[in-house]
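Here is a short report on one structure. Look at the model first, then read on.

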Amino acid sequence: MTGSFRHSSLRHSRKTQGWLYAAPTAVIVGVLFVAPLVLVVWMSLNRWPLLGPATLNAPDNYTKIAGNPLFVDSVLFTLKYTAITTVLLSALALGLALLVQERRPGVGFFRTAFFLPGAVGFAAAALLFYGMLNADFGPIDPILRTLGLIDEPVKWIGTPNMALFSTITLVLWRFAGFNMLILLTGLQAIPVEVYEAARSDGAGRWQIFTRITLPLLRPTLALMLILSVTGSLLAFDQFFIFTNGGPDNSTVSMVMVIYRDAFFRFDLGGAAALSVVLLAGLVGLNTLMMRRLR
Amino acid sequence: MRPRLAGMAIVTLLALTTACGGGGAEQPADGPVTITMWTRAATQAQSERLVKAYNSGHRNQVKLTVIPTDNYQPRVAAAAGAKQLPDLFASDVIFVPNYTSQGLFLDLTDRIAALPYRDKLAPSHMKLGTMDGRQYTLPHTLDLSVWFWNKDLYAKAGLDPEQGPKTLKEFAEHATTIDEKLGEGGKVHGTFFGGNCGGCYVFTFWPSVWAAGGQVMNPEGTTSLNDQAAMTEVFAIWRGLYDKGVTGPTAKEEQGPTWAGFFPQGEIGVMPMPSTTLGVMPADMKIGVAPISGPDGGESTFVGGDSIGVSATTRNADAAWDFLSWTVSDEAQVEVMAKNKDVLARTDLAGNKYSAEDPRVVLINSLVAKGETPYALRFGQTFNDPQGPWLRLAREAVFGDAAKVPQLNAEVTKSLTQ
């Protein structure tokens, strides 16, 4: 009887202890993640102007989304941007990682050089590109002109395709080094013995890359893809600062539309509904990717 | 509580901005009071000078926070929702009606009525700070659109360097002459404008409409008149300049941040500029200043800048008013603003001991009473929003299919009434 009581008391005490250990994290998750999420969902069910009282209007904020051509266009544009960026970024980061994976003289310099743009704030990088590509005072056009590559100023952000191209160049410059670093950790986790065994079996470079490197790099590639796809779908700074959504609304991302509804049109309910839709899309896409890439 | 949590929610989930700072805690009545004030970066220099001068001569102190211009509206709006506004906050004058209608400013009617120079305060700013006969704001800083011309380039192009343009057509002729005579090599251009910036269009094009006797909106700010002949004629002149290559090559892409940065480099012949930049032009640059004219004459200006009011949630209204009323006093206007070539908030001080030294400053000050500041509750979302209908209208009119202007004008009107 006493033993049973002691056992039960110990179990109870451990349970309480467990709750106490988990409490700080639970509070942080509750306050910073769950509560805002619940509130945003609640806001999306209300007419919630930034400067006035809220009134329940469900499901108006959701039904009007389909009639918002700017958002519909932004979904298509963001998906296009995400697809192009993810493919190019993955290829470039993998190429860079393969270049600098082995310890050779000078490789440290190149690793640092490739990673360095990642140390520049993204907003600052966007403003930097805006200035550098300006035909009137930026250095790029005069350099190209001196080299005889162009005769007249290049409209870097003057046409929809050029604006997208220039933005993707900015993103590649800014993030290739960071993604290279992620892949580098994956590459270095592959045991050297596996490569040695493959070589002794007569495998060539291409076979080693496709049969050894890529399969063993799969978890790291999956992480990079998820980060890249999520980051691209949430793209904001590069378009808000660099292209301002232009020319003629051709580079408006989904988050830009949310920002516009919230802070230009003061319609928090509508912005919250768009946020919920975007969140649902992201959760669905990431679940799918996790399943496929696992 | 709900608005505060709502502010937290939008900040956290959208990860865009924060609503921190501000406040206005009640302080002891007998001791010195520190009041908080917000202003936007665009008018930072003037605000800092006023605050510094006030703090050096008063027991009460003003603590100024400068917020990036592009982020100012969201910050004010988020702070208002969370009841975290500072004691005083300045605002781009065109957004004042919206803030006033939402009850963000304290009613200052009786206090303003006690000022001996109440009838001499910048009329456009005072008009936009008045709602239902009650007054809520004072003029804080003034920024007028005027034409600057580069006298050296005028002389090199064979134009009279002492005679600026008197009509918009003459402006186009001067710009074309400079481009033809000096434009070879692509370094010097006749003129420049912000072709992908809604705010730039209203600031620099609309005064030509007013100068010609036209209007851009009805007085209530609910109907756009930007498809009328007075506006389309102005668009057509600028379109002609762009088509002929007289404007700088990046005019079509210019989003606003750098549109005023070309003239000081000495590469632009004549262009509309903010008057506040006169004081920061290179000392050795010979610059002429002219009012903006219509196609065939007249003169006007967009009276921009900031108004300032006491926030409705302040607990330091008396201390806040003490600073506010001081900023429009003779001392502050002449010894702080005029001394630094800033435009004055009072029409009776236009010709003071400092401005008299520079006829260009006298001219700019005299335009305060002639210019206009358009009124519309939905001004920002209609005219400043890069994705809004106005920018599309202006770009079609200047670079694209001008036949679309009437249809886009209907969208501008729709945005004004939504």
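## An annotated stretch

In the UniProt record, an unreviewed entry, residues 75-289 of chain A carry the annotation "domain: ABC transmembrane type-1". The model shown here is predicted.

What does the chain look like over residues 75-289 of chain A? Helix makes up 73% of this stretch, and strand makes up 0%. The C-alpha atoms at its two ends are 19 Å apart.

## Two domains in chain A

The domain assignment splits chain A into two parts. Domain 1 covers residues 2-44, and domain 2 covers residues 66-293. Their C-alpha centres lie 38 Å apart.

The two domains of chain A also touch. Domain 1 of chain A brings four residues to this contact, and domain 2 of chain A brings six. Sort the domain 1 side by class: three residues are nonpolar, one is polar and none is charged.

## Where chain A meets chain B

How many residues of chain A are in contact with chain B? The count is 34 residues of chain A, against 31 residues of chain B.

Three helices of chain A each supply at least two residues to this side: H1 (2-44), H11 (254-263) and H12 (268-293). Which helix gives the most? H1 of chain A does, with six residues.

Now sort the chain A side by class. It has 21 nonpolar residues, eight polar ones and five charged ones.

## Linking the pieces

Helix H1 of chain A runs over residues 2-44, and domain 1 of chain A is given as residues 2-44. This helix supplies six residues to the side that touches chain B. Domain 1 of chain A also gives four residues to the contact with domain 2 of chain A.

Terms used
Residues are numbered from 1 along each chain as its sequence is written. Chains are lettered from A and ligands numbered from 1 in the order in which they are written. This is a predicted model: local features need pLDDT of at least 70, side-chain atom pairs count only at pLDDT 80 or more; totals for chains, interfaces and linings use all residues. Two residues are in contact if their C-beta atoms, placed from the backbone, lie within 7 Å. Helices (H or I, at least four residues) and strands (E, at least two) are DSSP runs, numbered from the N terminus. Ala, Val, Leu, Ile, Met, Phe, Trp, Tyr, Cys and Pro count as nonpolar, Asp, Glu, Lys and Arg as charged, and the others, Gly among them, as polar. Domain bounds come from an automatic or database domain assignment. UniProt positions are given in the numbering used here, feature names are shortened, and annotations may be inferred rather than shown by experiment.
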